[in-house]
Structures are given as C-alpha cells and as structure tokens.
Amino acid sequence: MKKIKKFSTIFFVAVLALSHTAFAYEFYHQPAPPPTLPLEAELALVVDAATGHILYNRGDPHARALPASMTKVMTALLLLESGADMDDIIFHSPEAVYTIPRNSSHIAMNAGESLTVSQALYAIMLPSANDVSNAIAEFVSGDMESFAVMMTQRAHELGAVNTNFTNAHGLPDDNHFTTLYDMHLIMAEAIKQPKFVQVINAPRYRIPPTDFQPEPRFIDNTNAMVRPNDPHFSLDTVGGKTGWTTPSGHTLVSYARRDGIGLITVVMAAERRDIIFNDTATLLNHGFEQFDPHQLFTASELSVGADLVQRSREGVIVIDYMPIVAERDALVYLPHNVSPDDVQVELALPNRLTAPVYAGQTVGRVTLTYNGRILDQIPLRTAQAGIGLPAEALESLAPAVNPLQDLATTLTEYYQENLVPEWLTLQNLVVGAATAVLGTTFLVLCVKFLRFGKSRRKRGMMAYSSKSFKTHISKNYKYR
C-alpha cells in the first residue's frame with residue numbers, strides 16, 4: 001500500500017512538472033502579437049511594393065471606403081497607358097470645365113483652352129485639378145461616362161475587384177468607392193510608369209501661358225511629404241496623391257523607397273489633414289524595419305554559357321563555347337515572415353549565340369519572382385568577345401556529311417518539330433501498334449464465334465422443326 005501511495009505521489013509530481021514545462025514552453029515560444037501603432041485615421045495600410053505582402057493594417061483592408069482625389073491615380077494611369085505622346089494636346093470642353101463645382105479643386109481652365117499631356121498630368125497630380133481630369137477623360141475615351149467604365153475595368157484587371165469608379169476626379173458619388181488594398185494595387189501599377197513617378201515627386205510645377213491665360217500657372221503639390229521646406233517632408237517618400245471631400249475625410253496614397261525597399265501606404269477616413277501625413281510617416285518607419293536582406297546567389301556562383309556558332313556554306317557550325325556571367329549579385333529584401341526559398345529564379349538564355357559577339361553584351365536575364373510579382377531582373381552578359389572564324393577555318397571544322405543523309409536528317413527533324421505531337425514517341429507507337437493488333441484479333445474471333453454459334457442454332461432449329469412437323473401430321477391426319 002505504501003508503495004502504491006509513493007508511486008502515486010511521484011506520478012502526480014511528474015505530471016505537474018511536465019504540465020508546467022509545457023505551459024512555460026507555450027508561453028515563452030508563442031509568436032509575439034503584432035504591435036499597435038499610434039495611428040489616428042480609421043483605415044491605414046502599409047504594403048511591400050515588391051511582394052505585395054501586407055506589413056501592417058488598421059481596419060479591414062477590403063472594406064469599402066471613399067477615395068476622394070486618390071481616384072486621379074487611375075486617371076493618370078489610363079492616360080499614360082493610352083499611348084499618347086507627352087506633347088499631344090488635350091482640349092477642355094465646356095462640359096469638362098463647367099460641370100465642376102467652383103468650390104472644388106481646379107486650376108481655372110477655360111472652355112476651349114488646351115494643355116499638353118505632360119502638363120495635364122502635373123495639373124491633376126499636384127493641385128488635384130478636377131477640370132483637367134474631366135478633359136483627360138474626354139481625351140482618352142471620348143466622354144466622361146465611358147472613361148469611368150474604363151477605370152473600373154482596369155481596376156478589376158489589376159485585382160481591385162472591390163472598386164467602382166463613376167468619374168475621373170473623385171468627387172462624391174454613392175457608387176464611387178474603393179478599398180485600402182485595391183488602392184495599393186492601383187498605385188503599384190502606376191509607379192511602373194517612369195513619368196508618373198517623375199510627376200508625383202515634383203514639389204512644384206510651372207504651366208506656361210496659354211491663349212486664354214497670359215500668365216504662367218505655378219502649381220504646388222498638395223502632398224506635403226515631398227516639399228522640402230514643409231514640416232512633414234520625408235526623405236524616403238517618392239510621392240503620392242492626397243484627397244479630401246466631406247464624406248470621405250482626408251486620404252493619402254504614397255510610395256516610398258529606402259535601401260532598395262519600396263513601400264506603398266494608404267491612409268483613409270482621417271478627420272484632419274495633418275493625420276494623413278503623420279500616419280503615413282508612422283507606417284513607413286514601421287514598414288522599413290520589417291525586412292531582412294537575402295543573397296540568393298552571387299554573380300560568381302552563376303556558371304552558365306552557350307555555344308558560339310557561325311553560319312557557313314556547310315550550315316551552322318559550333319566554333320566555341322561562350323561563358324556568360326550575371327551583371328550583379330541576386331540580393332532581395334523580404335519581410336521577416338517571407339522565406340527566400342519561396343522566391344523563384346527563372347533563367348532566360350538562348351542555347352547558342354551567333355558570332356560575332358562583344359564582351360559585356362546582354363544576351364539574357366535572371367528573373368526573381370515571388371507570388372507572381374517580379375522582384376528583380378538581373379541581366380546576363382557575355383564574359384568575353386567571340387569573333388567569327390575565316391572561311392578556311394570553318395571548312396576544317398565542318399564535318400563530312402552525305403547529302404542524302406543530311407536531307408533525310410533535315411526532313412526527319414522538320415517532321416518531328418512541326419508535324420509530330422509530343423506524345424508520339426517510339427514507345428507509344430509500339431504500344432499502340434500492339435494494342436491495335438490484339439484488339440483486331442479479338443474482334444475477329446468474336447465475330448467468328450458469333451457467326452458459328454448462329455449457324456449451329458439455325459441447323460438445330462431446322463431439324464427439330466422437321467421432326468415436329470412429321471409427328472404433328474401423323475397424329476392429326478393419320479385417320480382422315
């Protein structure tokens with residue numbers, strides 16, 4: 001009995017110790033909760049521009065909200081994607097000018113006045129000119145309603161499926177809305193345009209005199225974070241687009257870069273103007289701390305090459321092997337919880353190069369992608385020059401080939417490359433032929449068996465019928 005009690009005590013103590021150890025392990029090894037940033041806006045988001053990874057958000061990133069003049073990011077994107085030249089002329093119709101409330105943002109354009117495409121971009125992205133936005137809509141699609149449809153379609157193509165636009169400027173409308181995440185997608189596409197980045201980075205711009213305005217228009221950027229003399233100036237901020245209406249509150253979408261890291265921030269539904277700049281700075285400071293550098297490979301570790309060929313009378317002849325090197329190391333910055341093993345490395349390089357080639361010639365590239373997004377593209381260059389050989393040297397390298405054999409080989413290769421599908425291999429042909437022979441034999445045997453059985457039954461039925469007939473006659477007509 002004492003032994004049982006002693007054993008029970010030891011067992012109880014052991015279980016208690018193990019449970020305490022397990023609790024301590026869980027307590028000390030559980031992931032730390034995300035930090036709470038001192039933000040004032042109702043909705044805020046910071047995203048890694050390269051991977052699309054959300055680094056922090058306040059509020060539902062997919063909840064509908066009013067964008068106000070952030071809408072003009074899509075307006076500028078469609079203008080840049082229209083293929084228009086920067087010197088093309090945009091005329092301002094009476095509808096474009098006079099449908100804008102006088103108390104909204106504009107640059108006092110007159111009906112019939114014109115701006116170049118480049119000037120129009122500065123007008124909508126810096127002082128947020130609503131009149132110019134309408135003129136851009138008419139310039140791109142013919143009328144403002146069709147342009148709004150184009151805006152929504154382009155947003156959905158980018159994955160911004162919770163967005164709907166009804167105008168080119170962002171003035172309030174019940175059916176005009178977006179989300180934090182959708183706005184980040186639109187901004188991510190816009191910053192791929194060098195002209196867009198140039199425009200949003202400008203603190204100020206001068207529009208020269210026009211036929212209607214004898215004095216130049218000096219327009220300032222409403223984004224205080226790109227104005228060097230403003231207290232909200234941020235050295236990391238490349239640019240962005242502000243917005244404000246009474247229903248939407250203050251909004252701001254921004255793009256910033258530091259040490260090779262690009263961030264996109266979106267702040268919406270802020271009560272005061274200074275909040276969008278303060279919250280954006282807080283988001284950027286937090287976001288830039290969430291990255292680790294990863295060197296996927298060095299330029300010296302990448303060992304690739306291609307055959308150097310030269311065309312002669314005998315055909316294409318391999319004359320050398322050309323070593324190819326990467327232009328630089330593959331260094332990427334990834335958020336803490338993104339594994340470098342998830343980065344895909346794709347090599348685009350031809351199998352052969354035609355002489356002559358010079359040293360340092362770009363002949364391919366290495367593309368680094370994550371989740372379908374391109375993180376970096378590294379050019380591949382020739383490590384040395386490859387000069388063609390004279391005709392005499394080429395003849396010595398050319399193999400002796402039977403013309404008929406060469407023709408047969410050429411026809412066979414052409415047939416295989418152009419007429420034979422990939423599944424048609426020698427093994428598949430043998431298996432297919434054997435299957436066809438066996439199947440045909442089986443069908444022939446089945447047909448013969450059926451025909452033989454049918455003839456036997458027919459003979460048996462005829463004999464039986466004749467005997468029955470004689471019996472029937474003898475029984476029924478014998479005594480008549």
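1. Let me start with a strand pairing: β12 and β17 run antiparallel and are joined by 3 bridges. If you want a contact to click on, Ala 326 has Leu 380 in β17 as its bridge partner. Keep in mind throughout that this is a predicted model.

2. β12 has another partner worth a look. Strand β11 (residues 304-312) is joined to strand β12 (residues 315-326) by 9 bridges, and these two also run antiparallel. Here Arg 311 sits opposite Val 316 in β12.

3. On to the other neighbour of β17. Strand β16 (residues 362-370) pairs with β17 in the antiparallel sense, over 8 bridges, and Val 366 stands opposite Ile 378 in β17. The two strands make a hairpin with 2 residues between them, where Asn 371 takes a positive phi near 55 degrees. I'd put that residue on your list when you go through the backbone torsions.

4. Is β17 enclosed or open to the outside? Of its 10 residues, 7 are buried, so the strand is largely enclosed by the rest of the structure.

5. β17 also turns up at the largest pocket, which has a volume of about 510 Å³. The lining counts 22 residues, and Ala 49, Ala 50, Arg 373, Ile 374 and Leu 375 are the ones nearest the pocket centre. Elements giving two or more residues to this lining are α7 (180-190), β8 (249-258), β9 (261-270), β13 (330-335) and β17 (373-382). Which of them gives the most? That is β17, with 4 residues.

6. What is the pocket lining made of, by class? It splits into 14 nonpolar, 2 polar and 6 charged residues. Arg 373 is one of the residues nearest the centre, in case you are setting up charges there.

7. There is also an enclosed void to check. The count comes to 1 cavity of 30 Å³ or more, with a volume of about 40 Å³. Its lining consists of Leu 66, Pro 67, Ala 68, Gly 170, Leu 171, Pro 172, Asp 173, His 176, Thr 245 and Ser 248. By class that gives 5 nonpolar, 4 polar and 1 charged residues.

8. Two of the pocket elements, β8 and β9, belong to an open sheet of 5 strands with antiparallel pairing, in the order β2-β1-β9-β8-β7. The edges are β2 (54-58) and β7 (237-245); each has a single partner strand, so one side of each is left without a neighbour in the sheet. On average, and ignoring direction, neighbouring strands are turned by 5 degrees against each other.

9. Inside that sheet, strand β1 (residues 43-48) is joined to β9 by 6 bridges and the two run antiparallel. Val 47 faces Ile 264 in β9 across this pairing.

10. Last, the aromatics. How many aromatic pairs does a search of the whole structure find? The search gives 1. Tyr 122 and Tyr 205 make up this stacked pair, at 3.8 Å centre to centre and 0 degrees between the planes. Tyr 122 lies in helix α4 (residues 117-125) and Tyr 205 in strand β5 (residues 204-207), so the pair ties together parts that are 83 residues apart in sequence. As for exposure, Tyr 122 has a relative accessible area of 6%, so it counts as buried.

Terms used. Residues are numbered from 1 along each chain as its sequence is written. This is a predicted model: local features need pLDDT of at least 70, side-chain atom pairs count only at pLDDT 80 or more; totals for chains, interfaces and linings use all residues. Side-chain values use heavy atoms; hydrogens and water are left out. On a 1 Å grid over the protein atoms alone, a cavity is a set of points where a 1.4 Å probe fits but cannot get out, and a pocket is an open set with protein on both sides within 12 Å along at least five of seven lines; lining residues have an atom within 4 Å of a point. Grid points are joined across faces, edges and corners, and a volume is the space filled by probe spheres set on the points. Ala, Val, Leu, Ile, Met, Phe, Trp, Tyr, Cys and Pro count as nonpolar, Asp, Glu, Lys and Arg as charged, and the others, Gly among them, as polar. Rings of Phe, Tyr and Trp (its six-membered ring) pair if their centres lie within 6.5 Å; planes under 30 degrees apart count as stacked, over 60 as edge-to-face and the rest as tilted. Buried means under 20% relative accessible area, exposed over 50%, partly exposed in between (1.4 Å probe, protein chains only). Two strands pair if DSSP finds at least two bridges between them. Axes are lines fitted to C-alpha atoms, for helices over the stretch in contact, and angles run from 0 to 180 degrees between N-to-C directions.
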